[in-house]
Amino acid sequence: MEVSNIFRFRKKDHSGIAAFLLHLHPPLISRERIRLTFTFCMGGLSFYFFLVLLVTGILLMFYYRPGDGSPYLSVREISELVPYGNLIRNLHYWGGQGMVILILFHMIRVVLTGSYQGARQWIWVVGMVMLALAVIMDFSGYLLRFDRETFWAGFVALGVVKEIPYLGEALHRVLTGTSTYGQGSIQRIYLWHCVVLPIAVVCFMIYHFWKVSKLGWAGRAL
């Protein structure tokens, strides 16, 4: 590898912002491995969409009421009465879809470039877990609307969970807080969607970024 194809941090710059960047990235970064046509920046865009979800989700929490009357009415109020509520809700919705799609495409890119091989196999496993968590978080947010369409979607999905041998009943109660899915389940699903799942995603994301920066980039060009 030619020296001209490598970014080097000079020793005198190892303080302040430069030191922080040094912890985020390997000391030597190949230009080939960070060019846009190799990464397509899908990992970074996934993180950006997660930040959009975080900000818009916090704003929606001020108005959404999971346990007060009908959750669907609070969704209608957000969309029709709260200033810019419909815009924020749409940003949150499409941010969730975008994050799932980008993570999926990111993992397809990893497969096509062989970046999952060798010591990076565990990073691949962590990425699969993050994809699963993103899908579950997206689906749980869909259930919070709690209209006729989302009710039956949750009824079927959680009914399948309930049929898991030995663990189904207990897992269903952990997810919904009740033995039968209904409006009483929304508050527990809201807790999973707003607290448990985002914290889990952040933890896996931090580990993922740290592990990638430790091992560096690998793979072949598309």
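Helices H7 and H10 run roughly antiparallel to each other in this predicted model. Where does that description come from? Two packed helices are described by the angle between their axes and the distance between the axes. Helix H7 covers residues 121-143, and helix H10 covers residues 186-215. Their axes cross at roughly 155°. Angles over 145 degrees count as roughly antiparallel, and therefore H7 and H10 earn that label. The axes come within 9 Å.

The crossing also has a hand. H7 passes H10 in a left-handed crossing. What kinds of residues make up the contact of H7 with H10? There are 20 nonpolar residues, 4 polar ones and 1 charged one.

Now turn to the surface. A nonpolar patch sits there, with about 930 Å² of accessible area together. Its members are Phe47, Leu51, Leu54, Val55, Ile58, Leu59, Met61, Phe62, Tyr63 and Phe209. Which helix gives the most to this patch? Helix H4, residues 42-61, does so with 7 residues. Val55 is a patch member and lies in helix H4.

Next come the charged pairs. The count of salt bridges is 4. One salt bridge joins Glu77 and Arg65, whose closest N and O atoms are 3.1 Å apart. Glu77 belongs to helix H5, residues 71-80, while Arg65 sits in the loop between H4 and H5, so the pair ties together parts that are 12 residues apart in sequence.

Terms used: Residues are numbered from 1 along each chain as its sequence is written. This is a predicted model: local features need pLDDT of at least 70, side-chain atom pairs count only at pLDDT 80 or more; totals for chains, interfaces and linings use all residues. Side-chain values use heavy atoms; hydrogens and water are left out. Axes are lines fitted to C-alpha atoms, for helices over the stretch in contact, and angles run from 0 to 180 degrees between N-to-C directions. Helices (H or I, at least four residues) and strands (E, at least two) are DSSP runs, numbered from the N terminus. Angles under 35 degrees count as roughly parallel, over 145 as roughly antiparallel, 65 to 115 as roughly perpendicular and the rest as oblique. A crossing is left-handed if the near helix is turned anticlockwise from the far one by less than a right angle, and right-handed if clockwise. Ala, Val, Leu, Ile, Met, Phe, Trp, Tyr, Cys and Pro count as nonpolar, Asp, Glu, Lys and Arg as charged, and the others, Gly among them, as polar. Patches are made of residues with over 30% relative accessible area and no salt bridge: like charges are joined within 9 Å, nonpolar side chains (Val, Leu, Ile, Met, Phe, Trp, Tyr) within 5 Å. Accessible areas come from the Shrake-Rupley method with a 1.4 Å probe; for residues, only the protein chains shown count as cover. A salt bridge is a side-chain nitrogen of Lys or Arg within 4 Å of a carboxyl oxygen of Asp or Glu.
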